[in-house]
Amino acid sequence: MKKTLRKIITCLLTIIIVVGTFSALDTKVYEDGAAKKVLLWSLNMDSDKMTDWTAYCAQSLEDLYSDNDIDKDNELTNTDHFTGNEDLSEYGLIWIIFLGEELNENDITVLSNYLEAGGRIIMQGEVDGYAGTENSHLSQAATALGGGFTIANEGSSDTTGVINPLSSLANMEDSEATEINPIALARIDYEAPAVWVAKTSDDVVFIVDQAVGKGRLTVMSDINFFDHTRMNESAKNLLLNFFTDSVANMEIVTNGGNPNDNFGNPQTPVITTDLSQTEVIYNQNDTATALDATSTVTDGGTITYQWYKSLQNIDEGGMLLIGETNATYTPSTLTVGTAYYYCVITNTLGELTSFNVSSVAKITVNENNNGNNGNNGNNGNNGNNNPNNPPTGDSTNVILLGSLLAAAGLTILLTSKRKTANNVK
């Protein structure tokens with residue numbers, strides 16, 4: 001882990017602590033050749049909270065990147081509002097903490113431009129009793145930027161935080177290194193498209209990553225796990241991934257893409273073995289083989305199934321088969337005829353869903369031909385095709401009679417519609 005961390009750290013970011021105006025204490029080169037920095041920013045922060053924030057954030061960042069001998073000033077004073085003309089593209093990450101007042105129009109313009117460039121803005125809150133007003137300002141700022149979240153009043157006493165392994169911010173080499181250790185935190189309520197990044201064992205979400213424009217708003221309701229005195233490997237990786245993931249997204253935007261195209265959307269279910277499109281034929285009352293639409297996803301979503309029957313070879317507009325919600329379905333063979341079957345598979349992740357539709361299976365049921373249909377000449381007792389029964393009928397009787405008369409020296413003369421017997425001398 002340390003080897004990997006050092007390797008990533010060689011990408012080298014600069015921590016910028018702003019005093020009144022923006023000023024770079026140092027600039028290093030990221031692996032793609034573009035200089036990227038971190039901006040720590042606040043407005044009208046309470047001096048006591050500023051001291052705590054400095055201890056938790058700035059010192060932790062300094063410890064994390066100390067191998068690079070980057071000198072940092074751990075003193076943070078309140079900054080000014082943006083003028084509206086700033087270009088923040090040199091920053092790989094912006095970290096906003098404890099807003100003591102609301103953002104103005106210029107602030108929203110500059111930060112919106114940064115998000116459209118693919119950047120990440122961390123909005124740092126705290127438990128409501130400690131930072132209720134500041135939390136409210138963060139929520140208002142998020143709404144103005146196009147996002148939406150609320151840091152709730154109630155918190156959680158659970159001190160075990162689990163990082164979502166499906167989040168792009170996890171990216172852990174060690175799959176077991178997924179725990180961070182908050183002291184006190186508040187629940188975050190959020191709007192889609194978003195994914196939770198960290199939550200407690202009792203499902204209180206306290207870090208959320210939200211797509212806004214082409215960038216991300218990352219909201220946190222606790223900061224204690226970044227205290228340099230208790231920051232474990234998971235927290236260090238998470239802190240580093242805030243930056244590296246943001247820089248990677250900014251590069252995608254630079255190249256004409258949008259990293260949020262599929263962000264937060266449930267995966268389309270992948271059908272393990274799709275239905276065969278080759279017609280399957282059964283006799284009436286045969287036992288049919290079950291159709292199977294078993295599907296999988298890897299995003300933690302919930303898969304559900306619904307089977308349909310149609311009289312046409314299409315995968316829409318069919319009759320919903322009530323109660324047929326398993327991965328497999330066995331067609332009925334009670335009724336003679338041809339029917340088509342397909343399955344709609346749904347993946348539900350949070351409040352969002354995605355769909356996939358199976359191929360259409362053609363099932364034909366023929367009338368049972370086991371010798372019970374006398375009208376079709378297949379009855380064993382009456383049919384003429386049974387070799388154990390000699391033919392019967394008028395013509396047969398005439399032939400038998402002719403044989404008897406011939407034995408007596410007489411001949412039968414057959415004419416159309418009339419039979420005449422003459423004595424022959």
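The following exercises, each with a worked solution, concern a predicted model.

Residues are numbered from 1 along each chain as its sequence is written, and side-chain values use heavy atoms, with hydrogens and water left out. Local features need pLDDT of at least 70 and side-chain atom pairs count only at pLDDT 80 or more, whereas totals for chains, interfaces and linings use all residues.

**Exercise 1. Salt bridges**

Task: Determine how many salt bridges the structure holds, and describe the network that includes Arg120.

Solution.

Step 1. A salt bridge is a side-chain nitrogen of Lys or Arg within 4 Å of a carboxyl oxygen of Asp or Glu. The structure holds six of them.

Step 2. One of these joins Arg120 to Asp209, with an N to O distance of 3.1 Å. Arg120 belongs to strand β4 (residues 120–124) and Asp209 to strand β10 (residues 205–212), so the pair ties together parts 89 residues apart in sequence. Strands (E, at least two residues) and helices (H or I, at least four) are DSSP runs, numbered from the N terminus.

Step 3. Buried means under 20% relative accessible area, exposed over 50%, and partly exposed in between (1.4 Å probe, protein chains only). Arg120 has a relative accessible area of 0% and is therefore buried; Asp209, at 0% relative accessibility, counts as buried.

Step 4. Arg216 forms a salt bridge with Asp245, the closest N and O atoms being 4.0 Å apart. Arg216 lies in strand β11 (residues 215–220) and Asp245 in helix α5 (residues 233–254), so this pair ties together parts that are 29 residues apart in sequence. Both Arg216 and Asp245 are buried. Salt bridges that share partners join Arg120, Asp209, Arg216 and Asp245 into one network.

Step 5. A further salt bridge links Asp203 and Lys199, with the closest N and O atoms 3.1 Å apart. Asp203 counts as exposed at 52% relative accessibility, while Lys199 is partly exposed at 21%.

**Exercise 2. Helix α3**

Task: Compare the span of helix α3 with the expected value, and list its buried residues.

Solution.

Step 1. The expected span is 1.5 Å times one less than the number of residues in the helix. Helix α3 (residues 105–116) has twelve residues and reaches 16 Å from its first C-alpha to its last, close to the 16 Å expected.

Step 2. The buried residues of α3 are Asp107, Ile108, Val110, Leu111, Tyr114 and Leu115. An α-helix has 3.6 residues a turn, so residues three or four places apart point the same way.

Step 3. At the start of α3, a side-chain oxygen of Asn104 comes within 3.0 Å of the backbone nitrogen of Asn106. Just after the helix, Gly118 adopts a positive phi of about 95°.

**Exercise 3. The largest pocket**

Task: State the volume of the largest pocket and characterise its lining.

Solution.

Step 1. On a 1 Å grid over the protein atoms alone, a pocket is an open set of points with protein on both sides within 12 Å along at least five of seven lines; lining residues have an atom within 4 Å of a point. Grid points are joined across faces, edges and corners, and a volume is the space filled by probe spheres set on the points, here with a 1.4 Å probe. The largest pocket has a volume of about 610 Å³.

Step 2. Its lining comprises 21 residues, of which Ala194, Val195, Trp196, Gly264 and Leu349 lie nearest the centre. Strand β9 (residues 194–200) gives the most to this lining, with three residues.

Step 3. Ala, Val, Leu, Ile, Met, Phe, Trp, Tyr, Cys and Pro count as nonpolar, Asp, Glu, Lys and Arg as charged, and the others, Gly among them, as polar. By class, the lining has ten nonpolar, seven polar and four charged residues.

Notes: A polar contact is a pair of N or O atoms within 3.5 Å; within protein, one must be able to donate a hydrogen and the other to accept it, and residues adjacent in sequence count only if both atoms are side-chain atoms.
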